[in-house]
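I opened this notebook to record what I looked up about covalent and charged side-chain links in one chain. The entries follow the order in which I consulted the structure.

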Amino acid sequence: VQLQASGGGLVQAGGSLRLSCAASGSTYSFNYMGWYRQAPGKQRELVATITRGGPNTYADSVKGRFTISRDNANNTMYLQMNSLKSEDTAVYYCKYVQYGGVYWGQGTQVTVSS
């Protein structure tokens with residue numbers, strides 16, 4: 001499985017961005033996809049998850065501002081990020097889990113200027 005993350009960039013505080021994560025290859029049994037982020041000097045943290053048959057989940061810090069979704073036909077996951085804050089600045093990574101494997105995308109930089 002290969003993951004291609006895109007959509008990052010530089011945005012002013014209060015602005016919006018939409019991240020995409022396209023999965024390709026042997027994606028035969030989706031179980032879980034999620035967005036994580038890592039700011040400089042900090043540990044990678046969970047942002048949002050989408051699970052087959054389960055509810056979407058969000059970190060408290062992004063609830064009400066971020067929305068995770070998935071296009072099943074295209075095996076693509078999205079993260080709509082609104083009302084961005086400077087503390088959202090980080091490299092965002094997507095993760096894909098299916099039976100037999102855990103896969104990570106290459107990361108996309110999100111920079112929010114205050």
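**Entry 1: the charged pairs**

I began with Glu 45, which counts as partly exposed at 36% relative accessibility. I noted at once that the model is predicted.

I then looked up the partner of Glu 45. The side chain forms a salt bridge with Arg 37, and the closest N and O atoms lie 2.6 Å apart. I checked the accessibility of Arg 37 and found 5%, so this residue counts as buried, the limit being under 20%.

I next asked which residue besides Glu 45 pairs with Arg 37. Asp 88 forms a salt bridge with Arg 37, with 2.9 Å between the closest N and O atoms. I located both partners in the chain: Asp 88 sits in the loop between β8 (76-81) and β9, while Arg 37 belongs to strand β4 (residues 30-38). The two are 51 residues apart, and I recorded the pair as a link between distant parts of the chain. Both Asp 88 and Arg 37 are buried.

I followed the shared partners further. Salt bridges join Arg 37, Glu 45, Arg 65 and Asp 88 into one network.

**Entry 2: a pair at the surface**

I looked up Asp 60 and Lys 63. Their side chains meet in a salt bridge, at 3.1 Å from N to O. Buried or exposed, I asked of Asp 60 and Lys 63? I found that Asp 60 is exposed and that Lys 63 is exposed as well.

For the record, I entered the total for the structure as 4 salt bridges. I added a general remark that side chains of opposite charge can pair when their charged atoms come close.

**Entry 3: the disulfide**

I turned to the cysteines and asked how many disulfides the count gives. The count comes to 1 disulfide. This bond joins Cys 21 to Cys 94, with an S to S distance of 2.2 Å. I noted 65 degrees about the S-S bond, and the link of Cys 21 and Cys 94 is right-handed.

I then placed the two cysteines. Cys 21 lies in strand β3 (residues 17-24) and Cys 94 in strand β9 (residues 90-98), so the disulfide ties together parts that are 73 residues apart in sequence.

Finally, I checked the accessibility of each cysteine. Cys 21 has a relative accessibility of 0% and therefore counts as buried. For Cys 94 I found a relative accessible area of 0%, and Cys 94 is buried too.

Methods: Residues numbered from 1 in each chain as written. Predicted model: local features only at pLDDT ≥ 70, side-chain atom pairs only at ≥ 80, totals over all residues. Heavy atoms only, no water. Disulfide = S-S within 2.5 Å. Helix = DSSP H or I, 4+ residues; strand = E, 2+ residues; numbered from the N terminus. Buried < 20%, exposed > 50% of the residue type's maximum accessible area, 1.4 Å probe, protein only.
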